[in-house]
Amino acid sequence: MSDATSQNPYAVPASNLQEQATESEHLSIEQALSRGYTFSIGLLINEAWIMVKGSKGIIVAGFLVFYVTMFVTSLIANLVLGLLFNVLTTNALIIFITSQLLSGIISSLVTYPILAGLSIIGVRRAAGQPFSFNEIFNHFNSTLPLLVIGVVYLVLTLLAIALGSVSFGLIFIPFTYLCVAYMLAIPLVVERGLSPWQALEASRKAITQHWFKAFGLFLLLGLIILISAIPLGIGLIWSMPLFVIACGVLYRTIFGVRSIAR
């Protein structure tokens with residue numbers, strides 16, 4: 001808070017999260033990682049909840065586009081790949097594993113840019129920047145780096161399934177750690193233009209500073225989504241935007257958000 005503001009008894013008080021966002025707006029990734037940060041789970045969710053109003057329609061529509069696209073591309077890819085591998089081999093296990101892996105990659109080619117658009121809407125909303133529904137389709141130029149991140153998550157998931165049958169503890173701890181630590185990789189690729197590895201590492205290093213708190217945040221948001229889905233899924237109209245914006249607030253708190261032309 002500036003001296004002028006602190007001396008003005010009529011100035012509107014600013015929260016710690018708001019101060020961090022202002023200070024870090026033009027910080028490099030290295031500066032953002034080295035300066036440290038902190039946040040309150042309750043205050044962050046409360047701030048995100050306030051921002052849901054006026055943005056939930058666009059975010060919900062974006063999720064509808066995302067899930068319809070994912071369903072259609074996965075269905076077509078599985079059908080085509082299944083027919084192809086049936087000709088090449090009769091081994092059902094090989095057909096299943098290979099078709100699932102390739103269909104996941106094909107689906108990610110289309111869906112991850114859309115997911116990136118949703119993520120950036122959350123970041124823009126958290127930073128008080130303008131955004132529109134078209135943001136969902138604005139990041140297909142980053143398809144390749146986003147696909148790499150998607151493949152990393154896919155491989156982690158397949159490893160969790162494969163090794164989990166051998167020893168649940170063997171994969172659960174590192175899988176959980178990485179899934180939480182990599183949560184901000186997608187907006188780092190799009191908003192900061194990082195390479196996939198740079199984005200994954202920057203997200204991991206940042207989240208690791210307060211990993212348990214970040215885990216608690218995402219766990220609570222997940223429970224809110226789960227509970228909100230019980231009454232015919234109606235509550236998802238509010239809980240899904242809350243999740244997107246909360247991730248945006250966390251991103252802004254850690255890395256700041258670059259200014260855009262208005």
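The following paragraphs describe the fold, the interior and a surface patch of a predicted model.

The protein chain comprises twelve helices and zero strands, and its elements, read from the N terminus on, therefore run as an uninterrupted series of α elements, α-α-α-α-α-α-α-α-α-α-α-α. Of the 262 residues in the protein chain, 42% are buried. Among contacts between residues at least 6 apart in sequence, 76% join residues that are at least 24 apart. The area that the protein chain exposes amounts to about 13800 Å², of which carbon and sulfur atoms supply 71%.

In the interior, the largest nonpolar core has 60 residues, and those with the most contacts inside it are Leu188, Ile207, Leu250, Ile254 and Phe255. Helix α12, which spans residues 236-255, gives the most to this core, with eleven residues. For Ile207, when residues up to four places away in sequence are not counted, the residues touched are Tyr37, Val180, Ala181, Leu184, Ala214, Leu250 and Ile254; Leu250 and Ile254 are themselves listed with Ile207 among the residues with the most contacts inside the core.

A contact between separate parts of the sequence is also found at Leu147, which is placed in helix α7 (residues 143-164). Leu147 has a relative accessible area of 13% and is therefore classed as buried, the cut-off for that class being under 20%. With residues up to four places away in sequence left out, Leu147 touches Ile105, Ser108 and Leu109. Of these, Leu109 is 38 residues from Leu147 in sequence, whereas the C-alpha to C-alpha distance between Leu147 and Leu109 is 5.9 Å.

Two cysteines were examined for burial. Cys179, at 19% relative accessibility, counts as buried because the class takes in values under 20%, and Cys247 is likewise buried, with a relative accessible area of 14%. The count of disulfides comes to zero, a disulfide being defined here as a pair of cysteine sulfur atoms within 2.5 Å.

On the surface, a nonpolar patch of about 800 Å² is made by Val68, Phe71, Val72, Leu75, Ile76, Leu79, Val80 and Leu83. Val72, one of these residues, lies in helix α5, which covers residues 56-88. At 37% relative accessibility, Val72 counts as partly exposed, because this value falls between the limits of 20% for buried and 50% for exposed residues. Val72 can therefore belong to the patch, for which over 30% relative accessible area is required.

Note on methods
Residues numbered from 1 in each chain as written. Predicted model: local features only at pLDDT ≥ 70, side-chain atom pairs only at ≥ 80, totals over all residues. Heavy atoms only, no water. Patch = residues over 30% accessible without salt bridge, like charges linked within 9 Å, V, L, I, M, F, W, Y side chains within 5 Å. Areas by Shrake-Rupley, 256 points an atom, 1.4 Å probe, with all protein chains shown as cover. Salt bridge = Lys/Arg side-chain N within 4 Å of Asp/Glu carboxyl O. Helix = DSSP H or I, 4+ residues; strand = E, 2+ residues; numbered from the N terminus. Buried < 20%, exposed > 50% of the residue type's maximum accessible area, 1.4 Å probe, protein only. Contact = heavy atoms within 4.5 Å. Core = buried A, V, L, I, M, F, W, Y, C linked by side-chain atoms within 4.5 Å.
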